[in-house]
Amino acid sequence: MTEAGFDALWSALAPVGRDSRSGGYRRFAWTGEDLALREWFASEATSRGLDVTLDRAGNQWAWWGDPDRDGPGVVTGSHLDSVPDGGAYDGPLGVVSSLLAVDALRARGVVPARPLGIVCFGDEEGARFGIACAGSRLVTGALDSDRARALTDDDGTTMAEAMTTAGVVDPAHVGRDDEAVSRIGTFVELHVEQGRGLVDRDAAVGVASAIWPHGRWRVDLAGEANHAGTTRLVDRRDPMLDLARLVLAAREQAERHDALATVGRVRVTPNGTNAVPSSVQAWLDARGAAAGDVRALVAAVAAEVGTEPVEESWTPETEFDPALRDRLAGVLNGAPVLPTGAGHDAGILSGAGIPTAMLFVRNPTGVSHSPAEHAERVDCLAGVDALTDVLEDLLR
Ligand code: GLV
Ligand code: MN
Ligand code: MN
């Protein structure tokens, strides 16, 4: 694996969707940036002689070999979309590493005994329409297509309208695709680590054991719009006070339940400096090692705020296939095995019954979902080598 090969792919992606002020990425589903990334992936795959297809959820697949004739295959890949002001590595590192692993397998003269696929899942972060892993949930049937079509972004555009504008898939036909899923015999996703577990273990690459159970809840807080200069405090119905209670309760209950809770997104209506808001919507992200603790945390927050949160998504604990996990760790000479609190398409595929594993690449600061997210190039190259070793083993 050459540094030049990595740099060529990385630098082609670098400008797409980069916000010049924050230095972070804004790559949202079914936008112009999404289309540019899809074109980049299709062109890189085609130039390698891979067969590029789309499934009914709009995820992109690139096959070396014919999964319908000789499958199911071994699949690797990740996603190219981002959170608002996301880092460069979350998602793209897995896609770039997959393309480079194909190059490396060929350079090694590997003749795969089964087809190898690279998947580029759409809308993993759910940054625009709120549902994380929308592409993998849709294709596996974990997200109902009617519900997906009706999801709206902050401008009120539905996912169906966004799909129509993008012109990649017809929203009328979007949904579960058993044929596409049946082509996956095994799935391995390489991802930048989103914590410092590998720093602590002094390792460039690790293997995932599990993903914590996690979910997203919307909390609707009603108020009464009024004038900031003339409305007496006692006469106000100010939903910002409920928001403040929500944020503090989330923190307190997370500590109490040994879990994590985040209020990272709010929508204030009408959002004027000199007006009491008429309403606030806030999103609570909660995660933890034990599902019961996460559920209890959310219930306690709801009780304190006096509003029933709307569950927008829930992902139960993912325990990755133990035999596959051990096989990967063995191929990688005893690489460390560690869990994560971050969600991934790999978790959705595992939940659909597909033997699934993940590789993590060291993140020196642990920072992620931020422009400051980073991985050293030498570790990225070690990740490509590790993925290549693992794929070579699985393709035997
Ligand atoms: C996805 O990155 C998530 O964990 O929210
Ligand atoms: Mn992410
Ligand atoms: Mn990711």
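Before I begin, one definition: a residue is called buried when its relative accessible area is under 20%, exposed when that area is over 50%, and partly exposed in between. By that rule F360, at 2% relative accessibility, counts as buried, and I will come back to this residue at the end. Please keep in mind throughout that what you have in front of you is a predicted model.

Let me start with the metals. The manganese ion that is written as ligand 3 is coordinated by H79 and H191, each through NE2, and by D90 through OD, at 2.0 to 2.2 Å. If you follow these donors along the sequence, they are spaced H-x10-D-x100-H. H79 lies in strand β3, residues 73-79, while H191 lies in strand β5, residues 184-192, so this pair ties together parts that are 112 residues apart in sequence. Are these two histidines buried or exposed? H79 is buried, with a relative accessible area of 0%, and H191, at 1%, counts as buried as well.

Now to the manganese ion that is ligand 2, which is 3.6 Å from ligand 3, with D90 coordinating both ions. Its protein donors are D90 through OD, E125, which is listed twice through OE, and H369 through NE2, and they lie 2.0 to 2.8 Å from the ion. Here the spacing of the donor residues in sequence reads D-x34-E-x243-H. E125 is found in the loop between β4 and α5, and H369 in the loop between β15 and α14, so the pair ties together parts that are 244 residues apart in sequence. E125 is buried, at 6% relative accessible area, whereas H369, at 40%, counts as partly exposed.

Let me turn from the metals to the nonpolar cores. The largest one has 53 residues, and the members that touch the most others are W40, F41, L93 and L359. Setting aside residues up to four places away in sequence, F41 touches Q60, A62, L80, V95, L99, I118 and C120. There is also a second, separate core of 37 residues, which includes I131, A162, A180 and A203.

That brings me back, as promised, to F360, which lies in strand β15. Its C-alpha atom is 10.0 Å from that of A203, although the two residues are 157 apart along the chain. Leaving aside neighbours within four places in sequence, F360 has contacts that include H191, V192, E193, L198, A204 and H344. One of these, H191, is also a donor to the manganese ion that is ligand 3.

Technical notes
Residues are numbered from 1 along each chain as its sequence is written. Chains are lettered from A and ligands numbered from 1 in the order in which they are written. This is a predicted model: local features need pLDDT of at least 70, side-chain atom pairs count only at pLDDT 80 or more; totals for chains, interfaces and linings use all residues. Side-chain values use heavy atoms; hydrogens and water are left out. Donors are N, O and S atoms within 2.8 Å of the metal (3.2 Å for Na, K and Ca); water is not among the atoms, so sites may look incomplete. Helices (H or I, at least four residues) and strands (E, at least two) are DSSP runs, numbered from the N terminus. Buried means under 20% relative accessible area, exposed over 50%, partly exposed in between (1.4 Å probe, protein chains only). A nonpolar core is a set of buried Ala, Val, Leu, Ile, Met, Phe, Trp, Tyr and Cys residues joined through side-chain atoms within 4.5 Å. Contact means heavy atoms within 4.5 Å.
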